[in-house]
Amino acid sequence: MTGIERWKGKTALVTGASTGIGYAIAVGLLEAGVNVIGCARNPTPLEALNGKLPENAGKVTPVRSDLTKEGDILKLFTEIGNRMGHVDILINNAGTGVLGNLVDGETKGWQTMFNLNVLATTICTREYLKLMERDGIEEGHIININSIAGHANTPVNIGLNFYAGTKHMITALTKALTTELAAKKSKIRVTSLSPGMVNTPLVAEMKKDSNSGHFFQSGNGLEAKDVADAALYVLSTPSHVTVSELTIVPGN
Ligand SMILES: NC(=O)c1ccc[n+]([C@@H]2O[C@H](COP(=O)([O-])OP(=O)(O)OC[C@H]3O[C@@H](n4cnc5c(N)ncnc54)[C@H](OP(=O)(O)O)[C@@H]3O)[C@@H](O)[C@H]2O)c1
C-alpha cells in the first residue's frame, strides 16, 4: 500500500490533541482511517468527536493526561501496552509558550516549558520505542512538532526566548534520535515539523499580551489544518523516503 493508506487501521498517539495543531492532526488521521489515541489534560473535544466521524474513519480514544508529570506519561504507555500493545505513529505535539524574558522571567514558566516541550517529548519517544521493540514492529514514524523558533530566534524580542531554547533542543534531539535509530538499523522514521505562526488558542492568548501582542497581530498565520496536512504528507511518503525536516510558514 502507498500513501497515507499504508497507515489505515494502525494506531497513532497524538499528544496535546484537544485543541489547535494536535486536534487538527488527530482529525486528519482519523479521517484517513488511522485509530487515534489523543491525550490532553482536558480531552473533552476529542470525546465530542465520537459519532461525528465518517463510517470508515479510525477510532478515537481520548485520554486524560498531564504530560508535565512523568507518572502520567508512564501510566499512559502502560495502558497502551496492556490494551493495544503499541502505537505505530507518535506525534509529539503537546507544547506551550509562556511569555517572559531571560533577564527577569519566572522559573515556573521555564519549568512548564521544559517539562512539556522537551522532557515529555523525550519520555514519550523512549516509551513508544520500548513498545515497538517489545512487539517486534519495524515500521513506525515519530513526528516532533517543532517550530521556526527551533531554528532561529525571532528578530525582535517578543518574550519567547526560553520557548525558542526548548524548540532548539527539539531540533538537536530529533537529529540525535535519527542517528541512534540509524545505528540500530531501525526502520522507524523521525521528522521535525516546524511551523511558523499558526492560529491556535496558544497564539490567541499571546495576541492579548500588551508587550508581545503586536508581533502576533502583524501577519496572517497558518491554520492548524495546514500543519495537519503537512503531517499527513510526511506520513504518506514511501518507506524509502524520510522527510527529516519540514518547515512551513504563512504565505505573507
Ligand atoms: N501556534 C503556533 O503558532 C505554533 C507554531 C509553531 C509550533 N507550535 C507548536 O505546536 C504545538 C501545538 O501548539 P498549539 O499552538 O496547537 O497549542 P494549543 O492550541 O495551546 O494546544 C496545545 C495542546 O496541548 C495540550 N496540553 C497543554 N499542556 C499539556 C499538558 N501539561 N499535558 C498534556 N497536554 C497538554 C492542550 O490541551 P490541555 O490544555 O487540555 O492539556 C492542547 O491540546 C506546540 O508544540 C507548539 O510549540 C505552535
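**Exercise 1. Describe how H1 passes H8, and state which residues make the contact.**

Solution. H1 crosses H8 with a right-handed sense. The model used here and in the exercises below is predicted.

Step 1: take the geometry. Helix H1 spans residues 20–31 and helix H8 spans residues 224–236; their axes come within 8 Å and cross at roughly 50°.

Step 2: classify the angle. Angles under 35 degrees count as roughly parallel, and 65 to 115 as roughly perpendicular. H1 and H8 are therefore oblique to each other.

Step 3: list the contact. On the H1 side are Gly20, Ile21, Ala24, Ile25, Gly28 and Leu29. On the H8 side they meet Ala224, Lys225, Val227, Ala228, Ala231, Leu232 and Leu235. Sorted by class, the contact of H1 with H8 has 10 nonpolar, two polar and one charged residues.

**Exercise 2. Classify the packing of H4 with H5 and give the classes of the contact residues.**

Solution. Step 1: the axes of H4 and helix H5 (residues 161–183) come within 9 Å, crossing at roughly 15°.

Step 2: that angle is under 35 degrees, so H4 and H5 are roughly parallel to each other. Their crossing is right-handed.

Step 3: H4 contributes Trp110, Met113, Phe114, Asn117, Val118, Thr121, Thr122, Thr125 and Leu129. H5 contributes residues including Phe162, Tyr163, Lys167, Met169 and Leu181. By class, the contact of H4 with H5 has 12 nonpolar, five polar and one charged residues.

**Exercise 3. Repeat the analysis for H3 and H4.**

Solution. Step 1: helix H3 (residues 70–83) packs on helix H4 (residues 107–134) at an angle of about 20°, and the axes are 10 Å apart.

Step 2: the cut-off for roughly parallel is under 35 degrees, which means H3 is roughly parallel to H4. The crossing of H3 and H4 is right-handed.

Step 3: from H3, Glu70, Ile73, Leu74, Phe77, Ile80 and Gly81 take part. Their partners in H4 include Ala120, Ile123, Cys124, Arg126, Glu127 and Arg134. By class, the contact of H3 with H4 has nine nonpolar, one polar and four charged residues.

**Exercise 4. Which residues come nearest to the ligand, and which polar atoms of Ile21, Asn42 and Thr200 lie by its oxygen atoms?**

Solution. Step 1: the ligand has 30 residues around it, and Ser18, Asn93, Tyr163, Val198 and Thr200 come nearest.

Step 2: look at the backbone. Ile21 places a backbone N or O atom 2.9 Å from an oxygen atom of the ligand. For Asn42, a polar backbone atom is 3.0 Å from a ligand oxygen atom.

Step 3: look at the side chain. Thr200 has a polar side-chain atom 2.5 Å from an oxygen atom of the ligand.

Step 4: connect with the helices. Ile21 is also among the H1 residues that meet H8, and Tyr163 is one of the H5 residues that meet H4.

How values were computed
Residues numbered from 1 in each chain as written. Predicted model: local features only at pLDDT ≥ 70, side-chain atom pairs only at ≥ 80, totals over all residues. Heavy atoms only, no water. Axes fitted to C-alpha atoms, helices over the stretch in contact; angles between N-to-C directions. Helix = DSSP H or I, 4+ residues; strand = E, 2+ residues; numbered from the N terminus. Parallel < 35°, antiparallel > 145°, perpendicular 65-115°, else oblique. Left-handed = near helix turned anticlockwise from the far one by under 90°. Contact = heavy atoms within 4.5 Å. Nonpolar A, V, L, I, M, F, W, Y, C, P; charged D, E, K, R; others polar. Near = heavy atom within 4 Å. Polar contact = N/O pair within 3.5 Å; in protein donor to acceptor, adjacent residues only side chain to side chain.
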